Amino acid sequence: MATSSSILLLAALLALVSWQAIASDPGPLQDFCVADMHSLVRVNGFVCKNPMKVNADDFFKAANLDKPRVTNKVGSNVTLINVMQIAGLNTLGISIARIDYAPLGQNPPHTHPRATEILTVLEGTLYVGFVTSNQPAPNRNKFLSKVLNKGDVFVFPVGLIHFQFNPSPHQPAVAIAALSSQNPGAITIANAVFGSDPPISDDVLAKAFQVEKNTIDYLQAQFWENNHN
């Protein structure tokens, strides 16, 4: 009986370790695995390019991240550099983004399903925050927020809904964010809920948000613009 218990305990520990091992981008088993964007093979990520054909340009992009971007109607523009722009990022588990904010602009509530984000303010001031998950009280949907000034750093944990807002009516703001995935993904909450294709039933959304269906119909009729480039 003791032997069986030991085996079960060992199996449980191995399962836990395995789960932790796959909870983020898989670690590289070689110096690099430059993405072969032309391969017809489909894997979790991208197939490696022949290392004999790899060159410095596979790790480079003239991204002009020092240049300001035009913001959209929510007052922001996210310029993401991930594996789709730099093939050498494949398997390395990191991306970077420049975020421009117009006066009173925001990067609206969204989540990155595959990445933790660390953000630093380069110019201006930002009001930022995130909401915890539906865990037991008293931490259920707890809202944590902070006002950031130039040079300040803030972390948004993986998968949690978060935002950034420029409170200044006169000055723009700029931030740089690093994300712990070669392809972090972004789900903007309003766009996903009210701008899905095809639309989610207004009966479902009216019940979920406890409002009249005509309110949902109005929201679904809006143009939900993407601020991620």
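**Close-up views of a predicted model**

**Figure 1. Contacts across the whole chain.** Take the contacts whose partners sit 6 or more positions apart in the chain: 72% of them join residues with a separation of 24 or more. Keep in mind that this is a predicted model. The chain has 229 residues, and 32% of them are buried. Its elements add up to 4 helices and 10 strands. If you walk along from the N terminus, you meet one helix, then the run of strands, and then three helices (α-β-β-β-β-β-β-β-β-β-β-α-α-α).

**Figure 2. The disulfide of Cys 33 and Cys 48.** Here we zoom in on the chain's 1 disulfide. The sulfur atoms of Cys 33 and Cys 48 are 1.9 Å apart, and a pair counts as a disulfide when the sulfurs lie within 2.5 Å. Look along the S-S bond and you'll find an angle of -105 degrees, which makes this link left-handed. Both cysteines belong to the loop between helix 1 (2-21) and strand 1, with 15 residues separating them. How buried or exposed is each partner? Cys 33 has a relative accessible area of just 3%, so it is buried, because buried means under 20%. Cys 48 comes out at 37%, so it is partly exposed.

**Figure 3. Val 78 and its surroundings.** Val 78 is part of strand 1. Its relative accessibility is 5%, so Val 78 counts as buried. Which residues does Val 78 touch, once its neighbours within four places in sequence are set aside? They are Ala 97, Arg 98, Ile 99, Asn 107, Asn 227, His 228 and Asn 229. You can also find Ile 176 in this view: it is 98 residues from Val 78 along the chain, yet the two C-alpha atoms are separated by 9.6 Å.

**Figure 4. The second largest pocket.** This pocket has a volume of about 250 Å³. Its lining is made of 21 residues, and those closest to the centre are Leu 80, His 112, Gly 185, Ala 186 and His 228. Strand 1 (76-81), strand 2 (95-101), strand 3 (106-111), strand 9 (173-179) and strand 10 (187-188) are the elements that each give two or more residues to the lining. Sort the lining residues by type and you get 9 nonpolar, 11 polar and 1 charged.

**Figure 5. Where that pocket sits.** Why does the second largest pocket lie between domain 1 (25-185) and domain 2 (188-228)? Because both domains give residues to its lining.

Terms used
Residues are numbered from 1 along each chain as its sequence is written. This is a predicted model: local features need pLDDT of at least 70, side-chain atom pairs count only at pLDDT 80 or more; totals for chains, interfaces and linings use all residues. Side-chain values use heavy atoms; hydrogens and water are left out. On a 1 Å grid over the protein atoms alone, a cavity is a set of points where a 1.4 Å probe fits but cannot get out, and a pocket is an open set with protein on both sides within 12 Å along at least five of seven lines; lining residues have an atom within 4 Å of a point. Grid points are joined across faces, edges and corners, and a volume is the space filled by probe spheres set on the points. Ala, Val, Leu, Ile, Met, Phe, Trp, Tyr, Cys and Pro count as nonpolar, Asp, Glu, Lys and Arg as charged, and the others, Gly among them, as polar. Domain bounds come from an automatic or database domain assignment. Buried means under 20% relative accessible area, exposed over 50%, partly exposed in between (1.4 Å probe, protein chains only). Contact means heavy atoms within 4.5 Å.
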